[in-house]
Amino acid sequence: MDKLRASRVAVFGLGGVGGYAAEALARSGIGQLDLVDDDVIGLTNLNRQILALHSTVGMPKVEVAAQRIRDIDPTIQIRTYKTFYLPETAEQFDFSQYDYVLDAIDTVTGKLELIAQAKAANVPIISCMGTGNKLDATGFRVSDISKTSGCALARIMRKECAKRGLKGVKVVWSEELPLEPHIDPATDPESHREGSSRRALPGSTAFVPGVAGLIMAGEVIKDLSDIKEVR
């Protein structure tokens, strides 16, 4: 517990995955948390994001997360960054200050930059692959990015990491193929319009992203605690 209390973890992305991960880290005894997200809570977040309530709609996610975590443990040191993480904003962060980095953002360019910065600073990182349009919360695995299959995001990340020489990247992923949501032309006419640029309608459940976030937090805690096996 002393080791966890002395650790500083950065959580990038506080949506369906990152919100649960950040709270689990706080409840597990992490002493310092850096929370990074530029978004505000919207009505469409209510079905899956732990920070999303009618009372928090319109508020920045970093502020809501910080307030919630302080209510769990007022002694945790929290730093918030209302920032959209991309290569252009990477200079705002000194990765050498972190003991672990948790990647729960959506953009490929941002994820690759996070991994590259963490690797350059010799800081462990765990990255979440796709959770959208999936129903099987028991299907998640933890492995090196090179061992992934089935997940479209993992396929892109695997290829780009190999191109950049980024090795030993721990990821949470599922080989479950995403479902194609039913689209009602009456409520989403754009999707059926000739020449529409929309390729797919994103969707998510209340349970799949949260499970991925909890698994990620568990990996961080195990690694920082140097836990090899629990009997």
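In the next few minutes I will go through the pockets and cavities, the cysteines and one buried valine of this structure, which is a predicted model.

Let me begin with the open space. The largest pocket has a volume of about 1,300 Å³, and 44 residues line that pocket, with Ile 105, Asp 106, Thr 131, Gly 132 and Pro 202 lying nearest its centre. If we sort the lining of the largest pocket by class, we find 19 nonpolar, 15 polar and 10 charged residues.

Next comes the enclosed space. When the whole structure is searched for cavities of 30 Å³ or more, 1 is found, and the volume of the largest cavity is about 30 Å³. Its lining is made up of Gly 19, Ala 22, Glu 23, Leu 51, Ala 65, Arg 68 and Ile 69, and at least two of the lining residues come from each of helix 2, residues 18-28, and helix 3, residues 61-72. In terms of class, the lining of this cavity comprises 4 nonpolar, 1 polar and 2 charged residues.

Now to the cysteines, which those of you planning work at the bench may want to look at in the model. How many disulfides does a search of the whole structure find? The search finds 0, and for Cys 128 the reason is one of distance, because its sulfur is 8.5 Å from the closest cysteine sulfur, that of Cys 151, which is too far for a bond, given that a disulfide requires two cysteine sulfur atoms within 2.5 Å. Cys 151, likewise, is in no disulfide, and the nearest cysteine sulfur to its own is that of Cys 128, 8.5 Å away. As for their surroundings, Cys 128 counts as buried at 4% relative accessibility, and Cys 151 is also buried, with a relative accessible area of 3%.

I will finish with a single residue, Val 9, which sits in strand 1, spanning residues 8-12. Is Val 9 buried or exposed? Val 9 is buried, and its relative accessible area is 0%. Leaving aside residues up to four places away in sequence, Val 9 touches Leu 25, Ile 30, Gln 32, Leu 33, Asp 34, Tyr 100, Val 220 and Leu 224. Tyr 98 is also worth finding on the screen, since the C-alpha atoms of Val 9 and Tyr 98 are separated by 5.7 Å, although the two residues are 89 residues apart along the chain.

Notes: Residues numbered from 1 in each chain as written. Predicted model: local features only at pLDDT ≥ 70, side-chain atom pairs only at ≥ 80, totals over all residues. Heavy atoms only, no water. 1 Å grid on protein atoms, 1.4 Å probe; cavity = no way out; pocket = protein on both sides within 12 Å on 5 of 7 lines; lining within 4 Å. Points joined across faces, edges and corners; volume = space filled by probe spheres on them. Helix = DSSP H or I, 4+ residues; strand = E, 2+ residues; numbered from the N terminus. Nonpolar A, V, L, I, M, F, W, Y, C, P; charged D, E, K, R; others polar. Buried < 20%, exposed > 50% of the residue type's maximum accessible area, 1.4 Å probe, protein only. Contact = heavy atoms within 4.5 Å.
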